[in-house]
Amino acid sequence: MSSVLNIHRSILGQPWRWRGIAADARDPNFAPDDLVTQLLLTRGCPRDGIDDHRAPSIRAFMPDPSIFRDMDKAAERLADAVEKGEQVAIFGDYDVDGATSAALLILLLRDLGLEARPYIPDRLMEGYGPSGEALVRLHQQGASLIVTVDCGAQAFEALEMARSAGAEVIVCDHHKCAAELPVTYALINPNRLDEAEGAAFGHLAAVGVAFLLGAALIRSLRARGWFKDRAEPRLLDLLDLVALGTVADVASLKGLNRAFVAQGLKVMAQRRNIGMNALIEASRLTRTPTCTDLGFALGPRINAGGRVGCSDLGVRLLTTRDPDEARSIAEELNILNEERRAIEAEVQLAAEQLCIAKSNRAVVVIASRGWHAGVIGIVAGRLKEKLGRPAIVIALDEHGIGKGSGRSIPGVDLGAAVLAAKDSGLLHAGGGHAMACGVTIAEDQLEAFAEFLEERLAERVTVAMGERALLLDAVLAPGGVNPDLVNAMDAGGPYGMGWPAPRVVAGPLSVLKADVVGSGGHVRLIVAGEDGRSLKAVAFRHAETELGAALLSAPRHRKLWLAGRARIDDWGSRPAAELHVEDAAWAD
């Protein structure tokens, strides 16, 4: 990749490189459509797929569900349950992906005349995944079929207990699998090592796999003539759940996931789901939700129930028929989210202090007693961003047993490393995917676990960090950062993990005004360019970084290039554009 503007070391110490094809939007012949095509191509879209990726549809990307192992077996068993009116339990994980997966199947089965029972384990009391005791109890209480969603791929003991008790369990998951699979009625997971064609969909979140199971179920019932005298459910109406779970689980927005999110946002805009509508209102969103809103406004509120409150609040919200109940739950989740933020800030501060002694490790592994297990995943993500390397944060209980959560960087498969550590006997439990993991570990194994990860991943982390650069899509004059450009770039979305939002450079610029705003230490700027146009910009949480110091002290005569993401600022009487600054470089 060639450098941008010959900047090999920015104020934050990184090179600027083109993501792919160079685009200088200062060229008078440059058109917004040219940029959209470039954005698609540089994110992996084949040239013959431009039209499909510009307007991603389910029809264009949806596979035949039958390509996945055990899919037809699971669909037929669910069809039997629908026809016979059996009692079905849906066992979901306590995060957003688990809540949306469970809600999707519950709502679909309800439309088919079957009222399934949800079960979401308590994060602190029961931990991650299905326990044998919970599965057996559900069976004893009358559930003839149990479907686990977003969990179960590594639940060997629990599923064996369920089988021994006579329970039939379908596992619908997306987490990494071991070579040996747990014994269960059916296990649908594109990340099974014995998957063939279905392995191409290993990037799906669990809610995406649940959607495919729903499609297979409807097809099975259709073949049986179930819909001769009854309406067929509109599975596409549940895409708002798929979009929320996919984005909140930080799944790669490539292929089918792009269609799920693009079409799901359209469904969400119609406010069909009573609980989703209440959640949008509780989030104080007055416009149609965007992909960013799913990850930063709606998702965290659903997660707050599982992290610091009642674990089943998310599923109850998304499946309720009662608008009053929806508003009550949404407001409770709002309050819990504020509580989560306070707890997170406390743990974050303590974790950063512990990181000082671990900063030389390729994978930072830190643990402490008294940390709230509900926020360790968020803290791990923030440490990963700050340190630029994988981080695992572990909360130890009074018995010396730690529950940990990890986040990785592109190019470093943390989930596979954790599975290997589990196979080596270092963990009580562990699993995940490339970018995230969960572990259960004894305190006396912490150092051995950290050393194991160091030996296995140090070289890969070094390479990944060495490849670190700020990747850019276009260079603009200040006047080029305008609503038309932002809207044009949005046409290349939805953006997220694996399909990064466009990043542009504006300049050269003079800083006319700079000050610190907000409790988070944001640097607010007014800058002007050689084209005579001014531009609003903000560098979030950078007041105390090298970038913030440079922006706050920049003399007016010295020019800068600012790199970041162009956004619509709709606070004024008419929409304008502003730049969310991520880095800067001196222009002279």
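Helix 5 supplies the largest share of the lining of the second largest pocket, 3 residues. Helices (H or I, at least four residues) and strands (E, at least two) are DSSP runs, numbered from the N terminus. The model is predicted, so that local features need pLDDT of at least 70 and side-chain atom pairs count only at pLDDT 80 or more, while totals for chains, interfaces and linings use all residues. Residues are numbered from 1 along each chain as its sequence is written, and side-chain values use heavy atoms, with hydrogens and water left out.

**Pocket and cavity**

The second largest pocket has a volume of about 290 Å³. Of its 14 lining residues, Leu-107, Asp-111, Leu-238, Arg-272 and Asn-273 are the closest to the centre. Two or more residues of this lining come from each of helix 5 (96-111) and helix 13 (313-319). By class, the lining of the second largest pocket holds 4 nonpolar, 3 polar and 7 charged residues. Here Ala, Val, Leu, Ile, Met, Phe, Trp, Tyr, Cys and Pro count as nonpolar, Asp, Glu, Lys and Arg as charged, and the others, Gly among them, as polar.

Pockets and cavities are found on a 1 Å grid over the protein atoms alone: a cavity is a set of points where a 1.4 Å probe fits but cannot get out, and a pocket is an open set with protein on both sides within 12 Å along at least five of seven lines; lining residues have an atom within 4 Å of a point. Grid points are joined across faces, edges and corners, and a volume is the space filled by probe spheres set on the points.

The structure holds 1 cavity of 30 Å³ or more. The largest cavity encloses about 30 Å³ of space. Among the residues lining the largest cavity are Asp-93, Tyr-94, Asp-95, Ala-99 and Val-315. Its lining divides into 5 nonpolar, 2 polar and 2 charged residues.

**Packing of helix 5**

Two packed helices are described by the angle between their axes and the distance between the axes. Axes are lines fitted to C-alpha atoms, for helices over the stretch in contact, and angles run from 0 to 180 degrees between N-to-C directions.

| Helix pair | Angle | Axis distance |
|---|---|---|
| Helix 5 and helix 9 (residues 239-248) | about 160° | 8 Å apart |
| Helix 5 and helix 8 (residues 206-223) | roughly 15° | within 8 Å |

The angle with helix 9, about 160°, makes helix 5 roughly antiparallel (over 145 degrees) to that helix. The angle with helix 8, roughly 15°, makes helix 5 roughly parallel (under 35 degrees) to helix 8. Helix 5 passes helix 9 in a left-handed crossing (near helix turned anticlockwise from the far one by less than a right angle), and helix 8 in a right-handed crossing (clockwise).

**Sheets**

One open sheet has 5 strands in the order 3-2-4-5-6, with parallel pairing; two strands pair if DSSP finds at least two bridges between them. Strand 3 (117-119) and strand 6 (186-188) are the edges, each with a single partner strand, so one side of each has no neighbour in the sheet. From one strand to the next the twist averages 20°. Strand 2 (residues 88-92) runs parallel to strand 4 (residues 145-149), joined by 5 bridges. Ile-90 has Val-147 in strand 4 as its bridge partner.

Another open sheet consists of 5 strands in the order 7-8-9-11-10, and its pairing is mixed. Its edges are strand 7 (364-369) and strand 10 (429-433), each with a single partner strand, so one side of each is left without a neighbour. The twist in this sheet averages 15° from one strand to the next. Strand 7 and strand 8 (residues 391-396) run parallel, with 6 bridges between them. Val-365 is placed opposite Ile-392 in strand 8.

Key: Parallel < 35°, antiparallel > 145°, perpendicular 65-115°, else oblique.
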